[in-house]
Amino acid sequence: MQATKREADLPRARELIAQARRVVALTGAGISAESGVPTFRDAGGLWRNYRPEELATIGAFERDPRTVWEWYEWRRGFLATCNPNDGHRALARFFLGRGEDGIVTQNVDGLHTRAAIEEAGDAPPDAALPIEIHGAIARDRCNECGLRAEAEPLAVRDDGARRTGGGEPPPGDPLPRCAECGGLRRPDVVLFGEMLDSALLERAQTMAARADLCLVIGTSAVVYPAAGIPLATLHGGGRIIEVNPQATDLTRAAEVALRGAAGEVLPELLA
């Protein structure tokens with residue numbers, strides 16, 4: 001039933017894309033679920049008797065950076081086994097040639113960036129690289145000066161000194177430090193209790209406000225500030241195409257709602 005309805009709605013969705021001078025895409029966890037990336041709350045369930053929401057907070061990092069670091073190292077290792085799917089690749093191909101358009105993602109898995117690099121075969125243009133409003137787990141950032149850098153693997157002692165919670169790192173078991181100021185490095189993601197990067201958010205909202213069309217893919221888009229991105233397009237006179245297996249609170253505002261997985265729908269829609 002969904003496939004039949006989608007086939008009926010595709011011509012109108014393609015027409016909207018053909019007419020749009022500027023297009024923005026907002027993506028969420030749904031597009032990466034097809035690559036085997038679990039949603040946040042499903043990410044391994046309990047890890048050493050911790051739940052993800054207990055570790056992904058600024059308070060947890062300040063209290064016990066070692067344990068938080070080890071959890072993120074585990075997540076990095078898991079995400080390294082996941083690859084971009086047909087949905088990521090279809091979006092990358094579409095935006096490679098669109099100068100002022102772009103992708104805004106709530107995901108931290110880096111799969112949009114990897115897809116853009118694979119499709120471009122070289123350094124991809126900015127339009128094909130996502131605005132990662134929640135950060136990217138594969139990067140490090142200094143917790144003091146904010147300097148971003150390539151991820152530095154966490155050194156783990158082999159003498160059984162791995163921490164399972166509480167207190168400062170043991171002597172001789174250093175955590176990654178900033179090359180500029182010596183401050184403690186951390187994964188470059190937004191933790192609970194922190195504000196989003198205002199400059200990135202402003203870029204995303206400005207791009208959405210100027211867009212004629214917003215593709216909302218794999219997200220319910222009800223949690224702010226990300227929820228404001230499709231609304232910025234709508235309030236600017238643009239339209240919304242939703243791609244999601246299920247109806248969301250945004251569905252009634254969409255000009256077209258295409259039901260199905262992003263990896264199936266986007267190659268058909270953007271071909």
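This report walks through the sheet, helices, cores and aromatic pairs of one structure. The model is a predicted one.

## The open sheet

Start with the strands. Six of them form an open sheet, in the order S3-S2-S1-S7-S8-S9. The pairing is parallel. Strand S3 (131-132) and S9 are the edge strands, and each pairs on one side only.

H6 packs on this sheet. The helix touches S1, strand S2 (102-105) and S7. The direction of H6 makes about 155 degrees with that of S1.

The table lists some strand pairs of the sheet, each with one facing pair of residues.

| Strands | Sense and bridges | Facing residues |
|---|---|---|
| S1 and S2 | parallel, four bridges | Leu26 opposite Val104 in S2 |
| S2 and S3 | parallel, two bridges | Val104 opposite Ile131 in S3 |
| S8 and S9 | parallel, three bridges | Val243 with bridge partner Leu258 in S9 |

Val104 appears twice here. Leu26 stands opposite Val104, and Val104 stands opposite Ile131.

S2 is covered on both faces. Gly102 and Val104 are buried on one side. Ile103 and Thr105 are buried on the other.

## The edge at S9

Strand S9 spans residues 256-258, and Ala257 has its place there. Is Ala257 buried or exposed? Ala257 counts as buried, because its relative accessibility is 18% and the cut-off for buried is under 20%.

What does Ala257 touch, leaving aside its neighbours within four places in sequence? The contacts are Asp9, Glu242 and Thr251. Gln246 is 11 residues from Ala257 in sequence. In space the two are 9.3 Å apart, C-alpha to C-alpha.

## A second strand pairing

Strand S4 (residues 135-142) and S6 run antiparallel. Five bridges join them. Arg141 stands opposite Arg186 in S6. Strand S6 covers residues 185-189 and is mostly covered, with five of its five residues buried.

## Two nonpolar cores

The largest nonpolar core has 25 residues. Leu91, Ile241 and Leu266 have the most contacts inside this core. Several elements each supply at least two of its residues. The helices are H1 (2-19), H6 (86-96) and H10. The strands are S1 (23-27), S7 (213-217), S8 (239-243) and S9.

Which element gives the largest share of this core? H10 does, with five residues.

Apart from this core lies another, of 20 residues. Tyr50, Phe61, Cys82 and Leu184 are among them.

## Helix H10

H10 runs over residues 262-270. Its buried residues are Ala262, Gly263, Val265, Leu266, Leu269 and Leu270. Why do they line one face of the helix? Seen down the axis of H10, the buried residues fall within an arc of 165 degrees, so they line one face. A general rule of helix geometry fits here. An α-helix has 3.6 residues a turn, so residues three or four places apart point the same way.

Leu266 deserves a separate look. Leaving aside neighbours within four places in sequence, Leu266 is in contact with Ile31, Gly87, Ala90 and Leu91, among others. Ile217, Val243 and Ala271 complete its list of contacts.

## Aromatic pairs

The structure holds three aromatic pairs. One of them joins Trp71 and Tyr72, and is edge-to-face. The ring centres are 4.8 Å apart, with 65 degrees between the planes. Trp71 counts as buried, because its relative accessibility is 1%. Tyr72 counts as buried too, at 3% relative accessibility.

Trp74 and Phe78 form another pair, and this one is stacked. Here the distance is 6.2 Å centre to centre, with 25 degrees between the planes. Both residues lie in helix H5 (residues 65-79). They are four residues apart, about one turn of the helix.

How open are these two side chains to the outside? Trp74 counts as partly exposed, at 35% relative accessibility. Phe78 is also partly exposed, with a relative accessible area of 34%.

Methods
Residues numbered from 1 in each chain as written. Predicted model: local features only at pLDDT ≥ 70, side-chain atom pairs only at ≥ 80, totals over all residues. Heavy atoms only, no water. Phe/Tyr/Trp six-rings, centres within 6.5 Å; stacked < 30°, edge-to-face > 60°. Buried < 20%, exposed > 50% of the residue type's maximum accessible area, 1.4 Å probe, protein only. Arc of directions from axis to C-beta. Contact = heavy atoms within 4.5 Å. Core = buried A, V, L, I, M, F, W, Y, C linked by side-chain atoms within 4.5 Å. Pairing = 2+ DSSP bridges. Axes fitted to C-alpha atoms, helices over the stretch in contact; angles between N-to-C directions.
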